[in-house]
Structure formats: structure tokens, C-alpha cells
Amino acid sequence: MSRFRIAPSILSADFARLGEEVRGVIAAGADLIHFDVMDNHYVPNLTIGPLVCAAIKPHASVPIDVHLMVKPVDRIIADFAKAGADIITFHPEASEHIDRSLALIRDCGCRAGLVFNPATPLAHLDHVMDKLDLILIMSVNPGFGGQAFIPEALNKLGEVRRRIDAYTERSGRTIWLEVDGGVKIDNIAQIARAGADTLVAGSAIFSTSDYAATIGAMRAALAQI
Ligand code: DX5
Ligand code: ZN
């Protein structure tokens with residue numbers, strides 16, 4: 001099994017055929033389904049919620065990775081857990097009590113993660129490493145698919161990779177490092193080399209007609225590392 005995970009973001013899927021799209025990317029080799037939740041408040045766009053998560057769950061034979069771009073966070077966590085979320089991540093700016101929100105996610109039986117916008121400093125990691133299963137670095141400003149990768153994210157990934165490796169050395173516990181935004185066939189190797197092990201890609205996959213060929217090309221690029 002590859003040490004890298006590819007997580008298609010269904011934000012760029014055909015919402016009229018969502019179950020089929022989910023099955024399609026899983027058959028094509030997806031390791032996770034990335035599920036973008038936007039509330040037109042924390043981010044300037046409105047997408048999908050727990051009802052849609054529950055609707056795709058029977059089609060998803062891989063974990064569902066729910067990326068919450070909503071404020072407030074806490075009230076919606078249990079709803080997503082009930083709807084079949086496996087991983088739930090949120091932005092520190094969107095929660096008044098980050099440690100409590102992380103604990104809530106785990107109490108609901110899900111894996112928990114924090115998401116860092118391009119300009120958000122990493123200080124929020126300092127006291128919660130034990131409560132994290134995943135750290136998500138945004139390489140675009142959240143709200144829309146199809147934006148260009150912000151190169152500074154490479155430096156940030158490197159910094160988080162160092163923190164995770166030091167933490168793993170101390171604790172024996174692994175934390176996934178995910179990246180989200182502007183990931184394509186031609187930059188995925190560079191991004192993974194910077195430290196990411198879990199790669200979200202929306203438009204790069206769903207804008208193509210042959211998902212297996214696209215995910216295969218991403219895996220081939222990752223295999224060079
Ligand atoms: C942006 C979302 C991303 C987005 C990625 O706010 O969190 O998951 O769908 O889309 P691409 O891969 O097209 O940049
Ligand atoms: Zn996302």
C-alpha cells in the first residue's frame with residue numbers, strides 16, 4: 001500500500017449524480033472522499049450538509065473526510081458523525097474552544113483534525129497534538145474549488161512535517177498531514193516532497209473524463225519520490 005493517500009473533493013463532482021461520482025472515484029483508486037461543508041458565513045459559499053453525507057455513505061467504501069468551513073463548529077459535529085463521517089476537521093478561527101471541539105469529534109467516534117488557512121499561524125498546534133489525528137494545510141483560501149496553489153504552503157507543510165515527526169518520535173503516534181487546494185498531476189510530487197501524505201484534489205480529478213487515468217497519473221508522480 002502506498003504511503004500517500006489521494007482524497008478527491010466532491011465539491012467539483014456532478015451533484016446531480018453524486019452517488020455515481022463517489023463510486024466512480026473510489027473505483028478509480030480514491031483512498032478517502034473529501035467532503036467540503038461551507039456555510040456562507042465562515043466562507044463565502046454554500047454547499048452540502050449532513051443529509052448529503054448520509055446519502056453518499058452507502059456509496060462510500062472508503063472513509064469520508066468532512067472538512068467543516070462553518071462557524072460555529074460544535075453543534076454540527078454530532079450530526080456529521082451520525083451521518084457517517086469518519087474524519088472531521090475544522091478551522092481554529094471558527095471555534096471559541098478548540099480543545100473542546102477536538103474532544104467532541106473524538107467523543108462522537110470520529111478522527112479529529114485542525115485546518116490552517118494560508119495566513120493562519122501554526123501556534124494552534126502547540127498544546128493539542130495529542131488530540132489530533134490529522135492536520136490540514138490549506139494551499140488556497142477556502143471557499144471555492146479550482147483556485148491556484150499558493151507556493152508558501154510548501155514551506156508551511158515542511159514546518160508541520162517537522163513538528164509531526166518530532167511528535168511521533170516522542171509519542172509513537174502518527175498524525176496525517178493533508179493538503180487542500182490547487183493540487184494537480186504536475187505539482188503533486190513537489191507537494192508530497194514538502195511533507196504531505198494525504199492529498200485532496202477536486203477540479204484536477206473531476207474535470208477529467210477518466211478518473212482512473214488521472215488518479216493513476218497522480219500515483220505515478222508520487223511513486224517517483
Ligand atoms: C476549498 C476546498 C477544497 C477544494 C479543492 O475551500 O476546501 O477541498 O474543493 O478544490 P481544488 O482541488 O479544485 O483546488
Ligand atoms: Zn476541503
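What follows is a short exchange about ligand 1 and a few local features of a predicted model. Local features need pLDDT of at least 70 and side-chain atom pairs pLDDT 80 or more, while totals for chains, interfaces and linings use all residues. Residues are numbered from 1 along each chain as its sequence is written, and side-chain values use heavy atoms, with hydrogens and water left out.

Me: What makes a residue count as one of those that surround ligand 1?
Reply: A residue is near a molecule if one of its heavy atoms lies within 4 Å of it, and 20 residues surround ligand 1, the closest being Asp36, Gly146, Asp180, Gly202 and Ser203. Strand E2 gives the most to this shell, with three residues; strands are DSSP runs of E with at least two residues, and helices are runs of H or I with at least four.

Me: Why is the approach of ligand 1 to the side chain of serine 203 called a polar contact?
Reply: A polar contact is a pair of N or O atoms within 3.5 Å, and an oxygen atom of ligand 1 is 2.5 Å from an N or O atom in the side chain of serine 203, so this pair meets the definition. An oxygen atom of the ligand also lies 2.7 Å from an N or O atom in the side chain of aspartate 180, and one is 2.8 Å from a polar backbone atom of glycine 143.

Me: Why is the pair of phenylalanine 35 and phenylalanine 80 called edge-to-face?
Reply: Rings of Phe, Tyr and Trp (its six-membered ring) pair if their centres lie within 6.5 Å, and planes under 30 degrees apart count as stacked, over 60 as edge-to-face and the rest as tilted. Here the centres are 6.1 Å apart with 70° between the planes, so the pair is edge-to-face. Phenylalanine 35 belongs to strand E2 and phenylalanine 80 to helix H3 (residues 74-82), 45 residues apart.

Me: What makes asparagine 40 and the bond between lysine 71 and proline 72 worth a look?
Reply: Most residues other than glycine have a negative phi, and most peptide bonds are trans. Asparagine 40, however, has a positive phi of about 55°, and lysine 71 and proline 72 are joined by a cis peptide bond with omega about 0°. Asparagine 40 is in the loop between E2 and helix H2 (50-56), whereas proline 72 is in the loop between E3 and H3.

Terms used: Chains are lettered from A and ligands numbered from 1 in the order in which they are written. A polar contact is a pair of N or O atoms within 3.5 Å; within protein, one must be able to donate a hydrogen and the other to accept it, and residues adjacent in sequence count only if both atoms are side-chain atoms.
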